Amino acid sequence: MVWYFGRAGACVDRAGGPGKYSSASTSNSHSCRRSCDVDAFCVGYSVYAPLVGGQVECKTYKAQTSVDMIAGAAPSSGTTCYEKVHSPPPSPPPP
């Protein structure tokens, strides 16, 4: 199961930098999340809203090394960082 841990601000990697990401304008944050959902290498995404015309800026982050993993968020008005979290499968019920 995959879920996302949201933080106010721009995503930062373990080195304290902006991380490795691809950026695109999209109509809403849901399409940004979907693009991360389907990418096995995506470790999270951020959205900045609103852009002109109601668009949002979507950044999807990929980790090539452990340093590239999302470690937190830096203050950035109008931006939210979402870290992808993989939950282990639920335990089987007791006999």
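Ser 46 is buried in this predicted model, because its relative accessibility is just 4%, against a cut-off of under 20%. The residue sits in strand E4. Its side chain isn't left without a partner, though: it makes a polar contact with the side chain of Tyr 61, at 3.3 Å. Setting aside neighbours within four places in sequence, Ser 46 is in contact with Cys 11, Cys 32, Glu 57, Cys 58, Lys 59, Tyr 61, Thr 79, Thr 80 and Cys 81. Several of these names come back below, starting with the cysteines.

How many disulfides are there? The count comes to three. Numbering the bonded cysteines along the chain, the pattern reads 1-6, 2-5, 3-4.

One of the links joins Cys 11 to Cys 81, with the sulfur atoms 2.0 Å apart. This disulfide bridges distant parts of the chain, since Cys 11 belongs to strand E2 (residues 10–13) and Cys 81 to strand E7 (residues 79–86), a separation of 70 residues. The angle about the S-S bond is 110°, and the link is right-handed. Both cysteines are buried, and both turn up among the contacts of Ser 46.

Another link pairs Cys 32 with Cys 58, again with 2.0 Å between the sulfur atoms. Here helix H1 is joined to a strand: Cys 32 lies in H1 and Cys 58 in strand E5 (residues 56–62), so the disulfide ties together parts that are 26 residues apart in sequence. This link is right-handed too, with 80° about the S-S bond. As for accessibility, Cys 32 has a relative accessible area of 1%, so it counts as buried, and Cys 58, at 7%, is buried as well. Ser 46 touches both of these cysteines.

The remaining disulfide is the one between Cys 36 and Cys 42, whose sulfur atoms are 2.0 Å apart. Which hand does this link have? With -100° about the S-S bond, the link of Cys 36 and Cys 42 is left-handed. Its two cysteines are both buried.

Four of these cysteines also help to build a nonpolar core. Which residues make up the largest one? It has seven: Tyr 4, Cys 32, Cys 36, Cys 42, Tyr 45, Val 47 and Cys 58. Helix H1 (29–37) and strand E4 (42–48) each supply at least two of them, and E4 gives the most, with three residues. Apart from this core lies another, of five residues, including Cys 11, Val 43, Ile 70 and Cys 81. Such grouping fits a broader habit: in soluble globular proteins, nonpolar side chains tend to be buried together.

Val 47, a member of the largest core, has a list of contacts of its own. Not counting residues up to four places away in sequence, Val 47 touches Ser 29, Cys 32, Glu 57, Gly 78, Thr 79, Thr 80 and Tyr 82. Some of these partners, among them Cys 32, Glu 57, Thr 79 and Thr 80, are also listed for Ser 46.

That leaves the aromatic rings, where the count comes to three pairs. In one of them, Tyr 4 and Tyr 45 have ring centres 5.2 Å apart and planes at 75°, which is over the 60 degrees needed, so the pair is edge-to-face. These two tyrosines come from distant parts of the chain: Tyr 4 is in strand E1 (residues 2–8) and Tyr 45 in strand E4, 41 residues apart. Are they buried or exposed? Tyr 4 counts as buried because its relative accessibility is 11%, and Tyr 45, at 4%, is buried too.

Tyr 45 also pairs with Tyr 82, this time in a stacked arrangement, with 4.8 Å from centre to centre and 20° between the planes. Since Tyr 45 lies in strand E4 and Tyr 82 in strand E7, this pair ties together parts 37 residues apart in sequence. Tyr 82 has 23% relative accessibility, so it counts as partly exposed. Taken together, Tyr 4, Tyr 45 and Tyr 82 form one aromatic cluster.

Conventions. Residues are numbered from 1 along each chain as its sequence is written. Side-chain values use heavy atoms; hydrogens and water are left out. A nonpolar core is a set of buried Ala, Val, Leu, Ile, Met, Phe, Trp, Tyr and Cys residues joined through side-chain atoms within 4.5 Å. Buried means under 20% relative accessible area, exposed over 50%, partly exposed in between (1.4 Å probe, protein chains only). Helices (H or I, at least four residues) and strands (E, at least two) are DSSP runs, numbered from the N terminus. Contact means heavy atoms within 4.5 Å. A polar contact is a pair of N or O atoms within 3.5 Å; within protein, one must be able to donate a hydrogen and the other to accept it, and residues adjacent in sequence count only if both atoms are side-chain atoms. A disulfide is a pair of cysteine sulfur atoms within 2.5 Å. Rings of Phe, Tyr and Trp (its six-membered ring) pair if their centres lie within 6.5 Å; planes under 30 degrees apart count as stacked, over 60 as edge-to-face and the rest as tilted.
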